[in-house]
Every structure is written in C-alpha cells, then in structure tokens.
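Colleague: I'm new to this one. Can you walk me through the model?

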Amino acid sequence: MHHPFINLANPGLANLIPYQPGKPIDELHRELGLDNIIKLASNENPLGPSQHAIAAAQEAVNTSKLYPDGSGYALKQRLSEALSITSDRITLGNGSDNILKLVTQAFLRPNEEVVLSEYGFSTFSIITRAHNGIPVFAKAKQWGHDLSAMLALINNKTRLIFIANPNNPTGTWVNHEDLQNFLSEVPEQIIVVIDEAYMEYVDQPEYPNSIALQEHYPNLISTRSFSKFHGLAGLRVGYGISHPEIADLLNRIRLPFNVNSCALAAAIAALDDEAHQQAVRAFNLEGMQMMRKAYTDLAIDFIPSVTNFLTIDCKQPADAVYLALLKQGIIVRPLLPYAMPNHLRISIGFPEDNAALMNALPKVL
Ligand SMILES: *Cc1c(COP(=O)(O)O)cnc(C)c1O
C-alpha cells in the first residue's frame with residue numbers, strides 16, 4: 001500500500017474539483033454512436049477562424065523544428081499597434097486562462113483571499129484553490145456581478161479580485177461607470193483582473209474601456225482571448241494588458257515557450273482579417289436575435305446576454321434536459337458546477353443547429 005499522495009500534495013488540492021469542459025463531440029459519438037452531433041456547449045465560434053489565420057498556422061507548421069519566438073515579438077507588436085499601447089504592457093498566454101494563472105501565481109500567497117462573484121467564471125476559484133488561496137464569493141445581482149457586494153468583502157487578507165466582463169456562464173456585464181466607481185474604492189495594493197474573453201461581441205456604448213482605466217488604476221489587469229470571437233480555441237492563445245511592471249513580473253514566471261508558433265502566426269492573421277471579424281459579428285447578432293425570439297416564443301426564460309451564448313431557465317432540474325438533448329445529438333452545458341441546477345448554457349450555432357435545438361427543446365422540457 002502506497003502512501004496516499006493527496007497527503008503529499010499542496011493543501012489546496014484536497015477539495016479541488018477540476019474544470020468541467022463542454023462534452024467533446026467525439027466522446028458523445030463513442031458513447032451513443034451518434035453522427036451529426038451538434039455542439040453548443042463551449043461558446044466556440046461556428047464560423048471558425050479567418051482563412052488567413054488557418055493558412056498562417058499551416059505555414060508555421062513548416063518551421064516547427066525551431067522553437068517559437070519566446071518573446072512573441074511580432075504578435076505583441078501587432079497588438080500594441082491595434083490597441084495603441086506600448087508592447088511592454090502585453091503578456092502573451094497559452095490561452096487567456098494561462099494569464100489568469102500567472103497573475104494568481106505572481107500575487108497570491110497561501111491563505112490569502114480572492115474576491116469573486118457567485119456565478120462568476122469557475123476557473124477563477126479553481127486557480128485560487130490551486131494556489132492555496134481562499135475564494136470568497138459575493139452574492140450576485142440579477143445573475144451578474146454585484147460590485148458593491150464584492151467591495152464589502154474586501155479585508156486585509158484580500159489580494160486579488162476577478163471580474164469576468166462579460167461573464168460566463170451568465171452573459172451579464174458591468175458598465176464603465178460602475179467599474180470606475182468600483183476601482184476608485186478598491187485599495188491600490190489589491191490586483192483587479194477583468195477577464196474580457198467575449199469583449200469583441202459586446203455592442204454596448206457603456207462597455208468599459210479597461211485600457212483607459214489602467215491609466216488611473218495601475219492595479220487593473222485586462223485579459224483577452226483568441227479562443228472565442230477569433231475562433232482559435234484549439235490553438236491556445238490569449239493575452240494580458242497591464243502596467244509594464246506587472247507584465248515584467250508575469251514574464252518572470254511565464255514558461256519560456258508558452259505560445260506555439262502556429263498560434264502566434266494565426267493570431268496576427270486573425271487580427272488582420274477585418275472582413276472576417278465583421279462577418280462573425282453579423283453572424284452572431286443574427287443568431288442571437290433568432291434565439292431570443294425563439295426562446296420568447298416558447299416562453300423559455302433566459303438571462304439577457306451580450307455574448308455568443310444564452311443561459312436558459314428550464315424551471316426544473318436541467319440535468320435531465322441536458323441528458324435528453326444528448327440522446328438527440330445536441331450538446332449543451334449544464335450549470336450544476338455553478339450552483340445553477342435549473343439552467344443550461346447554450347451557444348449560438350449555425351441557423352440549422354439553432355433550429356434543431358429549438359425543435360428538440362419543447363419535447364424534452
Ligand atoms: C472561454 C473563457 C476563457 C478562456 O479563454 P482561453 O483564452 O481559451 O483560455 C476565459 N474567461 C472566460 C470568461 C471564458 O469564458
């Protein structure tokens with residue numbers, strides 16, 4: 001009998017439940033032998049990446065005997081032009097969740113507290129626990145972040161605050177004024193991370209300009225992703241924008257080649273392809289309108305969302321609905337890990353996939 005390894009592990013791992021991703025299509029195929037499976041479970045972009053991004057990634061494979069540029073010079077340069085910031089404020093990550101982890105690793109000491117929102121993105125609490133920190137949850141307001149409730153949880157053990165804007169899995173968002181008021185109350189030695197993985201989908205004049213806010217609040221870090229809007233989820237690339245001193249600290253613990261050559265090349269090409277970006281925006285808007293109308297017609301309640309997904313209220317345990325949809329070859333996302341047992345999160349898909357869902361839902365509800 002070997003020694004239980006849990007006793008050797010960091011204490012934070014004892015009660016850690018790993019992130020539960022959306023069910024992969026291949027897995028459902030293996031389990032139920034179904035073909036023509038529709039996945040609306042991971043907020044992926046149905047249109048996928050720009051053709052230029054695919055071509056750039058394919059081209060980069062040819063040089064894969066060489067290590068990638070560990071400094072990510074070209075992508076940082078491209079981002080700094082697009083965002084009108086100096087490149088020393090940018091940290092590249094293996095997905096934006098890599099940046100979330102680097103920030104936690106850099107700033108959180110064991111038994112210090114991280115303020116989060118109920119129904120906030122679950123990766124925040126997982127990373128906090130993994131670093132032996134203590135997640136503290138503020139009650140949500142209409143499923144979204146209640147910034148006053150979050151402020152009230154700050155004490156001298158608080159080190160970090162995470163806000164997803166828009167939030168996954170609720171699609172809710174905080175506006176510029178509320179965020180600014182919040183930041184003006186947060187002690188400057190506490191790092192605030194604003195996760196903007198869906199920002200490209202937001203079409204709201206009051207959506208915060210977090211880069212501008214960093215001028216006044218250098219303790220603010222923004223994270224962004226190429227996985228959602230840019231359709232590059234499989235290549236894993238995202239970035240953080242921060243004060244240069246923070247970027248320097250993150251760079252000290254970043255693994256040297258955390259973003260691969262294909263991802264670096266594809267991300268630049270994705271930024272260059274404005275026509276594709278316009279197409280994705282229009283496609284999502286149309287799908288969102290179609291789904292809102294369809295849910296309304298079926299009298300299914302949903303949480304208003306500014307993203308590429310809608311979270312619906314089944315008014316009954318949603319796990320059964322989820323399983324019934326799986327049998328019909330439709331994968332959506334149950335939200336039990338978020339303590340939202342009656343809700344399902346459903347991404348905007350191709351019109352025919354949305355229609356198939358709308359055909360199946362009334363039968364299984
Ligand atoms: C999908 C998602 C991420 C992760 O993005 P990656 O760049 O793929 O790591 C981060 N935050 C939120 C809120 C997300 O929904």
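Modeller: We'll go through the ligand site, the pockets, the cavity and a few backbone details.

Modeller: Keep in mind that this is a predicted model.

Colleague: Fine. Which residues are around the ligand?

Modeller: Going along the sequence, start with Gly95, Ser96, Asp97 and Phe121. Then come Asn168, Asp195, Ala197 and Tyr198. Ser225, Ser227, Lys228 and Arg236 complete the list.

Colleague: How does that shell divide by class?

Modeller: There are 3 nonpolar, 5 polar and 4 charged residues around the ligand.

Colleague: What about backbone atoms? How far is a polar backbone atom of Ser96 from an oxygen atom of the ligand?

Modeller: That distance is 2.6 Å. Asp97 has a backbone N or O atom at 3.0 Å from an oxygen atom of the ligand.

Colleague: And which distance goes with the side chain of Ser227?

Modeller: An N or O atom in the Ser227 side chain is 2.5 Å from a ligand oxygen atom. As for cover, the ligand taken alone exposes 390 Å². The protein buries 93% of that area.

Colleague: Which pocket does the ligand take up?

Modeller: The ligand's space is the second largest pocket. The volume of that pocket is about 520 Å³. Its lining has 26 residues, and Tyr19, Ser42, Phe121, Lys228 and Arg236 are the closest to its centre.

Colleague: Some of those names came up before. Which ones are around the ligand?

Modeller: Phe121, Lys228 and Arg236 are among the residues around the ligand.

Colleague: Which helix gives the most to the lining of that second largest pocket?

Modeller: Helix 4, residues 96-107, gives the most, with 3 residues. By class, the lining of the second largest pocket has 9 nonpolar, 9 polar and 8 charged residues.

Colleague: Now the largest pocket. How much space lies in it?

Modeller: About 650 Å³. The largest pocket has 30 lining residues. Gln20, Ser122, Leu336, Pro337 and Tyr338 lie nearest its centre.

Colleague: Which elements give two or more residues to that lining?

Modeller: Helix 5 (122-130), helix 12 (318-327) and strand 12 (333-334) do. Helix 5 gives the most to the lining of the largest pocket, with 4 residues.

Colleague: How many of the lining residues of the largest pocket are nonpolar?

Modeller: 17 are nonpolar. Another 7 are polar and 6 are charged.

Colleague: Switching to closed spaces. How many cavities of 30 Å³ or more are there?

Modeller: The count comes to 1 cavity. The largest cavity holds about 30 Å³ of space.

Colleague: What lines the largest cavity?

Modeller: Leu116, Ser117, Gly120 and Phe121 do, along with Phe124, Phe137, His145 and Phe162. That lining has 5 nonpolar residues, 3 polar ones and no charged ones.

Colleague: Phe121 again. Where else does Phe121 appear?

Modeller: Phe121 is one of the residues around the ligand. Phe121 is also among the residues closest to the centre of the second largest pocket.

Colleague: Last topic, the backbone. What joins Asn165 and Pro166?

Modeller: A cis peptide bond, with omega of about -5°. Pro166 is in the loop between strand 5 (158-164) and helix 7 (176-185).

Colleague: And the bond from Asn168 to Pro169, cis or trans?

Modeller: That one is cis, with omega near 20°. Pro169 lies in the loop between strand 5 and helix 7. Asn168 is one of the residues around the ligand.

Colleague: What about the phi of Asn36?

Modeller: Asn36 is not a glycine, yet its phi is positive, about 50°. Asn36 is in the loop between helix 1 (25-32) and strand 1 (38-39).

How values were computed
Residues numbered from 1 in each chain as written. Predicted model: local features only at pLDDT ≥ 70, side-chain atom pairs only at ≥ 80, totals over all residues. Heavy atoms only, no water. Near = heavy atom within 4 Å. Polar contact = N/O pair within 3.5 Å; in protein donor to acceptor, adjacent residues only side chain to side chain. Areas by Shrake-Rupley, 256 points an atom, 1.4 Å probe, with all protein chains shown as cover. 1 Å grid on protein atoms, 1.4 Å probe; cavity = no way out; pocket = protein on both sides within 12 Å on 5 of 7 lines; lining within 4 Å. Sits in = over half its atoms within 2 Å of the grid points. Nonpolar A, V, L, I, M, F, W, Y, C, P; charged D, E, K, R; others polar. Points joined across faces, edges and corners; volume = space filled by probe spheres on them.
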